[in-house]
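Let's take a walk through this structure, one region at a time. Keep the viewer open and turn the model as we go.

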Amino acid sequence: MTESEETDQRRPILALVGIGLFAGFLSGMFGIGGGIVIVPLLVLLARFGRRRAAGTSLAAIVPSALVGVGSYAAAGHVDWLVALILVIGSVIGAQVGAHLLHKLPVLAIRWAFIVFLAAVAVSLFFVVPSREAETALDPWSIAALVVLGFITGVLSGILGVGGGIIIVPMLILLFGQSDLVAKGTSLAMMIPTAISGTIGNLRKRNVDLLSALVVGLSACVTTALGAAAAIALDARTASILFAVFLVVLIVRLVVEAVKMGHEE
C-alpha cells in the first residue's frame, strides 16, 4: 500500500474527528445539537450521502448533548420541566413533519424559515437576555411551549434542521428566559428526540454507527469547553455571537435554497 493510499484511508477518520471537535464546541457554546454543522461537513469532507449523513449526525448528537447538559446542569442552567414540555410537542411535530415532507412546497417553507431566522438574528443584536430570568409556567405558557416544540418538530421533519437553532432564541425572545438556561434546556430536550430518531434511522439503515461514534466521542471533548465559554461570556456578547452564527447559517441556507430552485 502506497503512502497516498494510506493517507486516503486515514483522511475520513481525521475528517470525522475534526467534524466532531468543531461541532461539539458549537453545540456547547450555542445549545444546539450540532447537526446543522455535522450534516453538511459529512457530505463535504467524508463523502456521505445526504440521508445517511442526517441519520449519522442524529446518532452522534446523543453523547455530545449528554455532556453539554451535564455542563449546564452542573451550573444550574437547565429547566427540566420546560425541556419535557418541549419534547412532548417536538415528538408529535416531527412525525407530522415527516408525513408532510412530500406534500408541502419545501422550497417555499425553506425561504420562509430563512426570513424567520433573519428576523431572529436581527432581534438578538438588540436584546440582552437577563441571566436572572426564569420562565413562569401557567396554562398559557405551557400551551405556548407545546406549540413551540410542535413547530420545531415539524420544521425538523420537513427541513432537517435541529431544534436548538429555533428553541434557544425563542426561549430568550418570547419567554424571557436566561440565555444560559435556554441553551441547557435546548440540549436536554434534544436527547430523547435524538434517541428516538436514531432508533428509527437504524431500522431504515440510515446510520453509520462507527462514524457516529467517532464524531460523537470527538464532540464530547469540546462540548464542555463550548459550554464553559458560553457561561464565561457576558449575556450581551453571547447574544451577539449567536446572532452572528445565525447569519452564517442563513447564508448557507440561502445557497442551498437557490440550488433547489435551479434544480426545479
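What follows goes from a single leucine out to its surroundings, and then on to the core, the empty spaces and a few side chains worth a look.

One thing to keep in mind throughout: this is a predicted model. With that said, start at Leu-26, which sits in helix H1, running over residues 3–30. Is Leu-26 buried or exposed? Its relative accessibility is 11%, so Leu-26 counts as buried, the cut-off for that being under 20%. Skip the neighbours within four places in sequence, and Leu-26 is in contact with Gly-31, Ile-32, Val-37 and Phe-245. Take Val-37 from that list: from C-alpha to C-alpha, Leu-26 and Val-37 are 8.6 Å apart, with their positions 11 residues apart in sequence.

Val-37 brings us to helix H2. Of the 11 residues of H2, 8 are buried, so this helix is largely enclosed by the rest of the structure. If you want to colour the buried ones, pick Gly-35, Ile-36, Val-37, Ile-38, Val-39, Pro-40, Leu-41 and Leu-42.

Several of these residues turn up again around a pocket. Which residues line the second largest pocket? They are Phe-22, Leu-26, Ile-36, Val-37, Pro-40, Leu-41, Phe-245, Val-248, Leu-249 and Arg-252. H1, H2 and H10 are the elements that each give two or more residues to this lining. The pocket has a volume of about 190 Å³, and its lining divides into 9 nonpolar residues, no polar ones and 1 charged.

Now step off the end of H2. The loop between helix H2 (35–45) and helix H3 (50–74) holds Arg-47, and the backbone there deserves a second look. Most residues other than glycine have a negative phi. Arg-47, though, has a positive phi near 60°. Its setting also contrasts with the buried residues of H2: with a relative accessible area of 78%, Arg-47 is exposed.

Back to the interior. The largest nonpolar core has 70 residues, and those touching the most other members are Leu-42, Leu-86, Leu-148, Ile-165, Leu-171 and Leu-246. Leu-42 is already familiar as one of the buried residues of H2. For a closer view of another, centre on Leu-171. Leaving out neighbours within four places in sequence, Leu-171 is in contact with Val-82, Leu-86, Leu-145, Leu-148, Gly-176, Gln-177, Ala-182 and Thr-185.

What about enclosed empty space? Rolling a probe the size of a water molecule over the atoms shows where such space is left. Here the count comes to 1 cavity of 30 Å³ or more. The largest cavity has a volume of about 50 Å³, and its lining consists of Leu-124, Pro-129, Val-168, Pro-169, Ile-172, Asp-179, Lys-183, Ala-238, Ser-239 and Phe-242. Helices H7 (164–173), H8 (179–203) and H10 (235–263) are the elements that give two or more residues to that lining. By class, the lining has 7 nonpolar, 1 polar and 2 charged residues.

Next, the rings. A pair of aromatic rings is described by the distance of the centres and the angle of the planes. The model has 4 aromatic pairs. One of them joins Phe-30 and Phe-245, which are stacked at 4.8 Å centre to centre with 20° between the planes. Phe-30 lies in helix H1 and Phe-245 in helix H10, so the pair ties together parts that are 215 residues apart in sequence. Both Phe-30 and Phe-245 are buried. Add Phe-242, and the three phenylalanines form one aromatic cluster; Phe-242 is also among the residues lining the largest cavity.

The pair of Phe-113 and Phe-116 has ring centres 6.1 Å apart and planes at 25°, so it is stacked. Both residues lie in helix H5 (residues 106–126), 3 residues apart, or about one turn of the helix. Phe-113 counts as buried at 4% relative accessibility, while Phe-116 is partly exposed at 28%.

Last stop: Glu-256, also in helix H10. Why does this charged residue count as buried? Its relative accessibility is 17%, so Glu-256 falls under the 20% limit. Beyond neighbours within four places in sequence, Glu-256 is in contact with Arg-50 and Arg-110.

Methods: Residues are numbered from 1 along each chain as its sequence is written. This is a predicted model: local features need pLDDT of at least 70, side-chain atom pairs count only at pLDDT 80 or more; totals for chains, interfaces and linings use all residues. Side-chain values use heavy atoms; hydrogens and water are left out. Helices (H or I, at least four residues) and strands (E, at least two) are DSSP runs, numbered from the N terminus. Buried means under 20% relative accessible area, exposed over 50%, partly exposed in between (1.4 Å probe, protein chains only). Contact means heavy atoms within 4.5 Å. A nonpolar core is a set of buried Ala, Val, Leu, Ile, Met, Phe, Trp, Tyr and Cys residues joined through side-chain atoms within 4.5 Å. On a 1 Å grid over the protein atoms alone, a cavity is a set of points where a 1.4 Å probe fits but cannot get out, and a pocket is an open set with protein on both sides within 12 Å along at least five of seven lines; lining residues have an atom within 4 Å of a point. Grid points are joined across faces, edges and corners, and a volume is the space filled by probe spheres set on the points. Ala, Val, Leu, Ile, Met, Phe, Trp, Tyr, Cys and Pro count as nonpolar, Asp, Glu, Lys and Arg as charged, and the others, Gly among them, as polar. Rings of Phe, Tyr and Trp (its six-membered ring) pair if their centres lie within 6.5 Å; planes under 30 degrees apart count as stacked, over 60 as edge-to-face and the rest as tilted.
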